[in-house]
Amino acid sequence: MKPMLYFCFVIVLIRSASGFFEDLDARETSLSYLENDAAATSEPLMVPLTLIQGADSKGAVCLDGTLPGYHIHRGSGSGANSWLIHLEGGGWCNTIRNCVYRKTTRRGSAKFMEKQLPFTGILSNKAEENPDFFNWNRVKLRYCDGASFSGDSQNEALLSGCSAGGLASILHCDEFRDLFPKTTKVKCLSDAGMFLDAVDVSGGHTLRNMFAGVVSLQEVQKNLPITCTSQLDPTSCFFPQNLVANIKTPMFLLNAAYDAWQVQASLAPPTADPHGYWSDCKSDHAHCNSSQIQFFQDFRNQMLNAVEVFSKSNENGLFINSCFAHCQSERQDTWYADDSPRIGDKGIAKSVGDWYFDRAALKAIDCPYPCDKTCRNLVFK
């Protein structure tokens, strides 16, 4: 099995993904805020970094040429032969300047990666925090190429990822499926990966412009599904709304309808709001006026339209809650806790578990804001 796992790591690590890009420093600060908050749990399991020796000989390297890495905690008992591969998020770089900057951070170089990371949420090893996957082999792949992991026999497997890693899960789901025997149960989970080709508050296309730079600079088009590129331009095929309906492998989309990352960096970035009209609203939704809330409702409607065809497959699952949140599978308080977000009577961990193990069909879509009182909304100060 070791050769299979090594091959899997190399395939995934020559791609990468997630983050804030309004300003380089602000992006890193905002991401650190989310990640630190996600790690806030009592005595989390700390897992060391492992670099993939020999990966450079296959061209699988970080932006600065250093070896890619991962964190692994081995499974046991009933989960000893099951694997959860989780793709780290961390933004993108769409210009040479931005990519050069990333080479001096953990997003582009193993030299700056944390030597150990807390395993919480879907990566936790505690049954009371992660009832369905706690004893699986759980792997977190570090993200260091700036292009959503797309730059140039086990019993069960689940490919998951958050933010840019969530986009990577969508981009590489079928490819991941092909790494395993047909008898292996393989599914994919995308958390906060539904980045929409939406109009920003100025009427522009901030995210489309960003993605166009990523696709062009890093030649991502070579790794995009031909089912999409045969019909649409490469930048459009980096948007999951144009991909999810054609994915053959069962997939679960976990997303906040008012995704906090997209609100901050795509819908109302400073470049689209030079006078700061949206500053208070995007920092704390409680400060939004009625017209701003309506703008977010329109964004939610675009997301629901984007997953309409995807949701018709009996094998796919959905959990779209009406929260101002991001990356809900990595945070213990949103993944599985007494006061975690719910749609109806079911939380996120139970929903994902029921879908993965075929215990129940799961197509949960929340009513519009402000009906959901269980949200763990992000507030930026």
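## A partly exposed cysteine

Let's start with Cys371, which is partly exposed at a relative accessible area of 34%. Here, partly exposed lies between buried, under 20% relative accessible area, and exposed, over 50%, using a 1.4 Å probe and protein chains only. Its disulfide partner is Cys367, with an S to S distance of 1.9 Å; a disulfide is a pair of cysteine sulfur atoms within 2.5 Å. Cys367 is also partly exposed, with a relative accessible area of 39%. The torsion about their S-S bond is about 105°, so the link between Cys367 and Cys371 is right-handed.

## About the model

The model you see is predicted: local features need pLDDT of at least 70, side-chain atom pairs count only at pLDDT 80 or more, and totals for chains, interfaces and linings use all residues. Residues are numbered from 1 along each chain as its sequence is written, and side-chain values use heavy atoms, leaving out hydrogens and water.

## Two buried pairs

How many disulfides are there by this rule? The count is six. One of them joins Cys173 to Cys188, S to S 2.2 Å. This pair links distant parts of the chain, 15 residues apart: Cys173 sits in helix H4 (residues 164–177) and Cys188 in strand E7 (residues 185–191). Helices (H or I, at least four residues) and strands (E, at least two) are DSSP runs, numbered from the N terminus. Both Cys173 and Cys188 are buried, and the torsion about their S-S bond is about 100°, so this disulfide is right-handed.

Cys228 and Cys237 form another disulfide, with sulfur atoms 2.1 Å apart. Both of these cysteines, Cys228 and Cys237, are buried. Their link is left-handed, with -95° about the S-S bond.
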